[in-house]
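These are my notebook entries on a structure that I had not examined before. I set down what I looked up, entry by entry.

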Amino acid sequence: MHDFDGTVERCAEDVIKSFINLNGPGTGMENTFGDISAMLDKFNDFRAAIATAVSTKASRWLRRRNSLAPIHKLPIEIIQSIFRHMLFASSGRRRRRFVARLQALRSTSSLWRELIDRTPSFWVQLSSEDHIHFVSEALQKSQNLTLQLKYLGKFGNEPTSSPFLEKAFVHLDRWEYVAIQEPHGILVEKYFTTPAPRLKGMVLSTQMGFVEFGPSPPGLLFGGNLANLEEFRAVRWKDMNWADVHCHRLTVLEIEDYFWLDMETLFGIIAENMDLRILRMHFITFSEYTHPPRSHEPLVLPRLTDVTITNIAELTSENHRQSEDVPVMRMLQRLRFPACVSFTVEIGVYGVSDVTPEDFFRLIPRPIEIFTRGGGQVSRSKPPVARVKFWPYGIGCEAFGNAKSSPKYSMVLNGAHRSAGVEWTRRELVDVWTETKPDLQLRYWVDDERTKMDDILDLQDLVSVVELEVDGSPRFGIPEVSGVAQRLGTPVISASGTITGPFLRLRTLRLSKCAIDGKELLRMAKERGAWITNVSSEGDGEQQEANAAIGGGLSIILGEGMKKFSKTITRRDILAAPGIKDIKVLENHDSQLVDEHDGSLSTSSQESDWSPNYPESDEDRYGDTSSDAETVDTGVTPPSGSD
């Protein structure tokens with residue numbers, strides 16, 4: 001240790017002497033405060049330069065160590081696969097901080113640098129936000145592979161050229177996928193009017209709905225040569241003339257936020273692309289339907305697996321009012337998609353509508369078809385989850401493969417009476433499922449004017465209900481739902497003496513913005529816990545196994561507006577009741593728990609206990625937006641200097 005300290009001391013003296021030889025001592029009586037400060041700044045620069053030089057000279061040891069790391073014993077193909085997972089999402093789009101990730105891998109060792117540099121597929125996705133030197137390098141290293149490009153403009157800018165597009169345009173014959181966001185008209189004419197012979201995918205997007213100082217696409221885009229497109233997405237690109245769109249190989253068609261679209265033009269595009277796999281229509285207002293009435297044979301799209309029809313309206317001749325029911329029903333009548341496994345639809349049927357809920361239900365797929373299509377089986381251990389929602393003027397349902405997956409079935413029927421939703425729920429989510437039935441999560445938005453206590457308990461006999469949420473509507477004040485706690489604590493007994501409810505398998509009770517206090521909850525917990533425990537232990541054989549699921553424990557979650565517990569009731573009091581698993585208070589959707597000693601709020605937990613927001617099933621349409629992967633420890637340390 002003494003030798004180590006002595007060596008360090010001698011090296012430090014050598015550094016100081018070398019600096020003095022270059023710059024002089026700088027600490028004489030004639031030196032001012034400013035002189036010495038300037039000398040110290042020079043010394044800091046000198047010391048930093050030495051550190052860099054030492055790191056660079058030592059990097060050969062680091063490279064040698066890295067070359068002996070266990071990961072290098074893997075076959076090259078497996079290492080490439082690991083890199084691909086770190087750089088690209090499951091959709092194939094590159095991950096966030098892609099360039100930084102790529103450069104970090106390259107700087108780790110000469111072996112990795114060589115491997116990445118001679119893998120052209122790592123270099124084919126480029127963005128206008130990438131450094132121009134990286135773009136130049138990528139265009140060279142991608143060799144002759146097709147390119148996927150993303151141009152991000154800024155509304156209000158008036159660029160006459162783009163260094164990114166200037167370099168990419170030289171390789172126009174390799175463009176395969178292009179995402180164009182907020183381009184200026186000058187750039188559209190300069191870079192996006194020449195045909196791109198290998199173009200298969202295009203995403204168009206603007207913030208304001210039009211291209212500044214540019215002609216209306218798509219007749220101009222790529223010379224109108226779009227026949228070979230396989231993916232076409234247009235978001236707020238309102239200058240589009242869809243009558244000029246003639247594609248024959250589309251597998252993805254998505255139109256969002258477009259006004260005055262002719263529906264027959266849309267059907268014509270669909271008819272030319274019978275191999276569609278994804279069809280998504282959002283926020284579309286169709287022009288008045290003036291075509292002569294005639295019967296149409298439905299368009300059967302045998303490969304269409306993903307269908308979305310939401311926020312659809314149509315102008316009518318009567319005061320140019322917008323109709324929400326007619327265009328959706330017309331689309332559902334004209335299209336058939338027997339292979340669909342992901343379905344989303346929204347429709348409004350209000351008092352003036354001639355459409356009944358049953359008319360609508362007959363045209364949409366059934367949830368059981370979505371989940372069992374293609375020979376797939378519903379797992380007994382992980383049944384589907386269906387979230388059924390009731391509000392004063394509508395009903396809705398979202399169904400998921402399991403509690404953590406993206407929705408595969410989503411239906412919103414605005415303007416329908418609650419009874420239609422109750423009947424549909426029993427028929428489509430319970431009766432037709434002969435084996436594993438979906439777990440049901442019921443949510444009610446209530447108010448004192450239109451929602452009665454019996455409305456909330458309409459489905460209390462269903463054993464498949466595992467979650468009940470009651471949310472008061474703030475427009476009508478805080479509704480009085482103390483009767484809910486009373487009813488949940490009182491068993492429902494059939495004529496034969498069997499307990500049939502309420503909600504025997506209920507695992508979670510959520511209450512928000514409701515007039516209810518801790519005493520009522522404590523009474524409910526004690527009364528329900530007493531009889532639910534008895535039910536769970538009754539019977540023998542299969543009956544006892546079925547009843548055992550009833551006693552899984554109830555979690556009570558109190559949301560916004562529910563922290564006004566009686567101070568004489570604590571969390572521990574309620575937890576002591578039989579059959580109660582947990583109780584939490586979440587004020588304004590924060591994870592604030594009721595302290596079990598004094599009933600006050602504690603912020604000891606930072607994790608929200610509310611159901612998660614389920615992500616969309618597709619990657620962000622612009623790519624490069626998937627969440628960062630967890631850090632992968634490869635046992636290899638990137639050197640601080642260049643390789």
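**Entry 1: helix 3 and helix 5**

I began with a pair of helices and noted that helix 3 and helix 5 are roughly perpendicular to each other. The angle behind this is a crossing at roughly 80°, with the axes coming within 11 Å; it counts as roughly perpendicular because that class runs from 65 to 115 degrees. Helix 3 spans residues 76–87. I then looked up the residues that make the contact: Ile76, Ile79, Gln80 and Phe83 come from helix 3, and Trp112, Leu115 and Ile116 from helix 5. By type, I recorded six nonpolar residues, one polar and no charged in the contact of helix 3 with helix 5. I note here that the model is a predicted one.

**Entry 2: helix 4 and helix 5**

Next I turned to the packing of helix 5 with helix 4. Their axes are 7 Å apart, and the angle is about 130°. Helix 4 and helix 5 are therefore oblique to each other. On the side of helix 4 I found Leu102, Leu105 and Arg106, and on the side of helix 5 Trp112, Arg113, Ile116 and Asp117. The residues of this contact of helix 4 with helix 5 comprise four nonpolar, three charged and no polar. Trp112 and Ile116 of helix 5 also appear in the contact with helix 3.

**Entry 3: helix 6 and its surroundings**

Which residues of helix 6 are buried? I listed Phe134, Val135, Ala138, Leu139 and Lys141, within a helix that covers residues 132–141. These buried residues pack against helix 4 (98–106), helix 5 (110–117) and helix 7 (163–169), and also against strand 1 (125–127) and strand 2 (147–152). Just after helix 6, I noted a positive phi of about 55° at glutamine 143.

**Entry 4: the whole chain**

I then stepped back to the chain as a whole. The protein chain contains 18 helices and 24 strands. Of its 643 residues, 45% are buried. I looked up the contacts with a separation of 6 or more and found that 70% of them join residues 24 or more positions apart. The accessible surface is about 32,400 Å², and carbon and sulfur atoms hold 51% of it.

**Entry 5: the largest nonpolar core**

The largest nonpolar core has 138 residues, and Trp242 and Leu253 are those with the most contacts inside it. Helix 9, residues 263–271, gives the most to this core, with five residues. I followed tryptophan 242 further: apart from residues up to four places away in sequence, it touches Phe232, Ala234, Leu253, Ile255, Tyr258, Leu261, Thr265 and Ile269.

**Entry 6: backbone features in loops**

I looked for positive phi values outside glycine. One of them is at arginine 236, with a phi of about 55°. Arginine 236 sits in the loop between strand 5 (231–235) and strand 6 (252–261). Its relative accessibility is 25%, so arginine 236 counts as partly exposed. Glutamate 182 likewise has a positive phi, near 55°. The loop that holds glutamate 182 lies between strand 3 (175–181) and helix 8 (185–191). Is glutamate 182 buried or exposed? I recorded a relative accessibility of 9%, so glutamate 182 counts as buried, the cut-off being under 20%.

I also noted a cis peptide bond between glycine 501 and proline 502, with omega at about 0°. Proline 502 belongs to the loop between strand 19 (499–501) and strand 20 (508–512).

**Entry 7: serine 342 and glutamate 358**

Serine 342 is in strand 12, residues 342–348. With a relative accessible area of 13%, serine 342 is buried. Setting aside residues up to four places away in sequence, I found serine 342 touching Thr305, Asp306, Val307, Ile370, Pro407 and Lys408.

Glutamate 358 has its place in helix 11, residues 357–363. I classed glutamate 358 as partly exposed because its relative accessibility is 29%. Beyond its neighbours within four places in sequence, glutamate 358 is in contact with Glu423 and Arg427. How far apart in space are glutamate 358 and alanine 420? Their C-alpha atoms are 8.2 Å apart, although 62 residues separate them in sequence.

Technical notes: Residues are numbered from 1 along each chain as its sequence is written. This is a predicted model: local features need pLDDT of at least 70, side-chain atom pairs count only at pLDDT 80 or more; totals for chains, interfaces and linings use all residues. Side-chain values use heavy atoms; hydrogens and water are left out. A nonpolar core is a set of buried Ala, Val, Leu, Ile, Met, Phe, Trp, Tyr and Cys residues joined through side-chain atoms within 4.5 Å. Buried means under 20% relative accessible area, exposed over 50%, partly exposed in between (1.4 Å probe, protein chains only). Helices (H or I, at least four residues) and strands (E, at least two) are DSSP runs, numbered from the N terminus. Contact means heavy atoms within 4.5 Å. Accessible areas come from the Shrake-Rupley method with a 1.4 Å probe; for residues, only the protein chains shown count as cover. Axes are lines fitted to C-alpha atoms, for helices over the stretch in contact, and angles run from 0 to 180 degrees between N-to-C directions. Angles under 35 degrees count as roughly parallel, over 145 as roughly antiparallel, 65 to 115 as roughly perpendicular and the rest as oblique. Ala, Val, Leu, Ile, Met, Phe, Trp, Tyr, Cys and Pro count as nonpolar, Asp, Glu, Lys and Arg as charged, and the others, Gly among them, as polar.
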